[in-house]
Amino acid sequence: MEQYVIKGGNPLVGEVEIGGAKNAALAILAASIMTDETVTIDNLPDVRDINVMLGAIRDIGAVVDRVDAHTVRINGSTINAMSVDYEYIKRIRASYYLLGALLGKYKKAEVALPGGCDIGSRPIDLHLKGFRALGAQVDIQHGLIAASAEHLQGTHVYLDKVSVGATINIMMAAAMAEGKTIIENAAKEPHVVDVANFLNSMGAGIRGAGTDVIRIVGVEKLHKTEYSIIPDQIEAGTFMFAAAATRGDVTVKNVIPKHLEATTAKLLEVGCEVEEFDDAVRVVCAKPMHHTQVTTLPYPGFPTDMQPQMSVILGIAEGTSTVTESIFENRFKYVDELTRMGANIKVESNIAIIAGVPKYTGARVSAPDLRAGAALVIAGLSAEGITIVDDIYYIERGYEHFEEKLASLGAQIEKVSSEKEIQKFTLKVS
Ligand code: UD1
């Protein structure tokens with residue numbers, strides 16, 4: 001088992017380059033099998049979840065040619081199985097995107113019910129509602145979702161809740177249905193738009209992605225394309241918050257500043273300075289930070305995937321802040337770990353009440369999930385003394401070369417895999 005060992009206290013200073021958006025890439029990789037021609041995708045993040053998805057695609061028979069760490073060529077003409085193995089679903093929830101992709105292309109798909117980060121109950125009823133509305137027969141038996149249709153018929157779907165996954169899955173299936181589909185109350189996240197742009201570059205007829213009504217005119221066939229994935233707004237936000245927590249000065253490059261507006265707004269509210277450039281943002285946080293209120297909401301609201309990182313900042317800001325989690329009910333599991341580092345946080349239902357402390361103190365903590373893991377690393381970077389973060393497997397699902405990027409900004413952080421290496425690091429930095 002690997003850990004991060006961190007000696008806190010160094011302000012992060014310098015420039016960091018952001019990779020492609022993991023959550024856009026997962027859906028785009030699934031959608032790439034919807035044509036029999038070869039699709040080239042670049043700006044792919046080289047992280048564990050992406051490699052699992054590529055494994056799932058290869059396993060159903062597609063040709064996956066990894067040109068380099070960030071580029072892949074996929075050909076779906078050789079697909080010979082409509083069933084995605086439980087092994088993949090267990091490791092990444094987003095394998096469920098293969099349901100929409102296979103159903104759209106072959107009118108048949110079978111995928112196990114998903115697992116993923118344990119951040120709360122994560123039903124997929126809305127995905128299935130959409131497939132059924134398109135005319136598919138959908139059954140859940142023995143832990144499997146089986147969807148099939150003679151043909152898919154364009155339809156009108158209203159999503160009772162704003163769901164990124166359901167919006168993308170239904171959009172993929174509808175892209176190859178007969179006639180027109182309208183998705184109402186659709187998710188507006190940048191990665192929904194990116195998937196729509198990708199499908200359109202393959203010849204799909206999708207309009208309105210990025211608004212809450214998406215209109216799709218189905219096509220019979222999709223064709224080859226070359227596509228570059230958008231920058232990861234959550235990776236970018238994580239580095240912006242790491243800069244703030246360490247009172248640093250970091251320029252986060254290769255980003256779309258518009259996608260970071262909610263994150264930027266909160267940094268300004270707590271007293272940091274944020275300068276926007278065409279494709280970069282600079283965060284300077286020299287003064288003490290102060291309290292604020294945050295509620296997670298679908299885009300353009302404050303992202304739930306930035307909630308743990310936000311709480312870490314507020315934990316060392318002056319005064320009492322509140323963080324309301326309105327998307328996933330089980331997303332405060334890191335609070336006990338942060339308390340071990342000296343935070344003063346009380347969770348009542350879906351609200352964390354955070355009384356700021358002057359600083360964290362290093363401790364041994366465990367990453368409970370992907371984003372909370374990154375948040376604990378940020379806490380460690382700002383803390384006095386040594387922090388050890390266990391279970392970094394979660395962090396590696398979504399952050400490429402995380403420790404290397406942080407070290408290039410001046411952080412004292414190493415990835416280790418034994419108690420001996422931890423001791424060695426401790427001796428070196430003390
Ligand atoms: C995606 C992201 C995840 C992010 C989340 C919210 C990927 C791979 N993951 O997850 O990182 O935290 O968006 O921005 O892109 N819901 C239902 N029924 C459904 C589907 C969802 O009730 O059929 C509910 C969920 O329980 C949750 C809310 O809708 O309360 C939003 O979930 P959703 O947007 O679907 O999240 P994911 O797509 O799973």
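## Backbone exceptions in two loops

The loop between β8 (137-141) and β9 (144-148) contains H142. In this predicted model, H142 has a positive phi of about 50° although it is not a glycine. With a relative accessibility of 81%, H142 counts as exposed, since the cut-off for that class is over 50%.

A second residue of this kind is N254, whose phi is also positive, at about 60°, although N254 is not a glycine. N254 belongs to the loop between β15 (249-253) and α9 (261-269), and its relative accessibility of 25% places it among the partly exposed residues. Most residues other than glycine have a negative phi, and most peptide bonds are trans.

## A cis peptide bond

The bond between Y299 and P300 is a cis peptide bond, with omega of about 10°. P300 is located in the loop that runs between β18 (293-295) and α10 (307-315).

## The surroundings of the ligand

How many residues surround the ligand? The shell holds 21 residues, and D125, L126, S163, D305 and I327 are the closest of them. By residue class, the shell divides into 8 nonpolar, 7 polar and 6 charged residues. Two helices, α5 (125-133) and α6 (164-175), each supply at least two residues of this shell, and the largest share, 3 residues, comes from α5.

Oxygen atoms of the ligand are placed against both side-chain and backbone atoms of the protein. A polar side-chain atom of S163 is found 2.6 Å from a ligand oxygen atom, while a polar backbone atom of V164 lies 2.7 Å from an oxygen atom of the ligand. For P123, the distance from a polar backbone atom to an oxygen atom of the ligand is 3.3 Å. The ligand taken alone exposes 750 Å², of which the protein buries 89%.

## The sheet that contains β14

Four strands make up an open sheet with mixed pairing, and their order is β4-β5-β3-β14. Because β4 (63-68) and β14 stand at the edges with a single partner strand each, one side of each is left without a neighbour in the sheet. From one strand to the next, the twist averages 15°.

Strand β3 (residues 38-42) runs parallel to β14, and 4 bridges join the two. Within this pairing, T40 has E226 of β14 as its bridge partner, and D42 stands opposite S228 in β14.

Which side chains of β14 (residues 225-228) are buried? The side chains alternate along the strand, with T225 and Y227 pointing to one face and buried, whereas E226 and S228 point to the other face and are not buried. The β14 residues named above as standing across from T40 and D42, namely E226 and S228, are therefore the ones whose side chains point to the face that is not buried.

## The sheet that contains β15

Another open sheet of 4 strands has the order β2-β15-β17-β16, again with mixed pairing. What leaves one side of β2 (13-17) and of β16 (273-276) without a neighbour in the sheet? Both strands stand at the edges, each with a single partner strand, so one side of each has no neighbouring strand in the sheet. Neighbouring strands are turned against each other by 15° on average, with direction ignored.

Inside this sheet, β15 pairs with strand β17 (residues 280-284) in the antiparallel sense over 5 bridges. One of the facing pairs is formed by D249, which stands opposite V284 in β17.

## A covered helix and a strand residue

Helix α1 (residues 22-31) is mostly covered, as 9 of its 10 residues are buried. The buried residues of α1 are K22, A24, A25, L26, A27, I28, L29, A30 and A31, a list in which a lysine stands beside alanine, leucine and isoleucine residues.

Further along the chain, S366 is found in strand β22 (residues 364-366). With a relative accessible area of 27%, S366 is partly exposed, because this value falls between the 20% limit for buried residues and the 50% limit for exposed ones. S366 and D391 are 25 residues apart along the chain, and their C-alpha atoms are separated by 5.8 Å.

How values were computed:
Residues numbered from 1 in each chain as written. Predicted model: local features only at pLDDT ≥ 70, side-chain atom pairs only at ≥ 80, totals over all residues. Heavy atoms only, no water. Near = heavy atom within 4 Å. Polar contact = N/O pair within 3.5 Å; in protein donor to acceptor, adjacent residues only side chain to side chain. Areas by Shrake-Rupley, 256 points an atom, 1.4 Å probe, with all protein chains shown as cover. Nonpolar A, V, L, I, M, F, W, Y, C, P; charged D, E, K, R; others polar. Buried < 20%, exposed > 50% of the residue type's maximum accessible area, 1.4 Å probe, protein only. Pairing = 2+ DSSP bridges. Axes fitted to C-alpha atoms, helices over the stretch in contact; angles between N-to-C directions.
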